[in-house]
Amino acid sequence: MDEIIPHLVGHAVNEVERELILHTLIRYCGSRTRSASILGISIRCMRNKIHEYEGLGIAVPAPGEPRVPVGHELQAYGDAFRQELYAK
């Protein structure tokens with residue numbers, strides 16, 4: 001965890017939260033229930049965040065969607081924030 005924190009400094013909490021939620025959804029094949037449980041949030045909160053992201057035009061993994069290999073996560077769900085985060 002200590003290796004990751006310096007890369008997060010300078011980013012807004014809502015950006016970090018969004019990336020954490022999206023990457024957890026990717027890891028668990030779009031499972032809203034499993035992702036919410038792993039993150040310690042309610043399924044209602046997860047649903048609300050997903051609707052918010054979709055409203056912003058952000059791609060959200062569909063339930064049952066196969067996990068994207070790590071090297072392809074940036075292509076499938078990338079944005080400038082992720083590219084900057086992984087570049088550091």
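These legends go with several close-up views of a predicted model. Local features are described where pLDDT is at least 70, side-chain atom pairs count at pLDDT 80 or more, and totals for chains, interfaces and linings use all residues. Residues are numbered from 1 along each chain as its sequence is written, and side-chain values use heavy atoms, with hydrogens and water left out.

**View 1. The whole chain is helical in pattern, α-α-α-α-α-α.** The protein has 6 helices and 0 strands; these are DSSP runs numbered from the N terminus, with helices being H or I over at least four residues and strands E over at least two. Of its 88 residues, 30% count as buried (buried is under 20% relative accessible area, exposed over 50%, partly exposed in between, with a 1.4 Å probe and protein chains only). Take the contacts with a separation of 6 or more: 58% of them join residues 24 or more positions apart. Contact here means heavy atoms within 4.5 Å.

**View 2. The largest nonpolar core has 9 residues.** They are Ile 21, Leu 22, Leu 25, Ala 36, Met 46, Ile 50, Tyr 53, Ile 58 and Val 60. Helices H2 (13–27) and H4 (43–55) each supply at least two of this core's residues. A nonpolar core is a set of buried Ala, Val, Leu, Ile, Met, Phe, Trp, Tyr and Cys residues joined through side-chain atoms within 4.5 Å. Zoom in on Ile 21 and, leaving aside neighbours within four places in sequence, you'll find it touching Leu 39, Met 46, Lys 49 and Tyr 53.

**View 3. H2 packs against H3 (residues 32–39) at about 130°.** Their axes sit 9 Å apart; axes are lines fitted to C-alpha atoms, for helices over the stretch in contact, and angles run from 0 to 180 degrees between N-to-C directions. The two helices are therefore oblique (under 35 degrees is roughly parallel, over 145 roughly antiparallel, 65 to 115 roughly perpendicular, and the rest oblique). H2 passes H3 in a right-handed crossing, meaning that the near helix is turned clockwise from the far one by less than a right angle, while anticlockwise would be left-handed. On the H2 side are Leu 20, Ile 21, Thr 24 and Leu 25, which meet Arg 32, Ser 35, Ile 38 and Leu 39 of H3.

**View 4. H2 meets H4 at about 105°.** The axes are 11 Å apart. H2 brings Glu 17, Arg 18, Ile 21, Leu 22 and Leu 25 to the contact, and H4 brings Met 46, Lys 49, Ile 50 and Tyr 53.

**View 5. H3 and H4 pack at about 110°, axes 9 Å apart.** So H3 is roughly perpendicular to H4. Their crossing is right-handed. Arg 32, Thr 33, Ser 35, Ala 36 and Leu 39 of H3 touch Ile 43, Met 46 and Ile 50 of H4. Thr 33 counts as exposed, at 57% relative accessibility. Thr 33 and Met 46 are 13 residues apart in sequence, with 8.3 Å between their C-alpha atoms.

**View 6. Cys 29 sits in the loop between H2 and H3.** Not being a glycine, Cys 29 still has a positive phi, about 55°. Most residues other than glycine have a negative phi. Cys 29 is partly exposed, with a relative accessible area of 32%.

**View 7. Residues 71–78 keep a pLDDT under 50.** pLDDT is the predictor's confidence in each residue, from 0 to 100. The model gives this stretch 19 contacts beyond four places in sequence. Where pLDDT is low, don't read the predicted coordinates in detail. For the protein, mean pLDDT is 83, and 76% of residues reach 70 or more.
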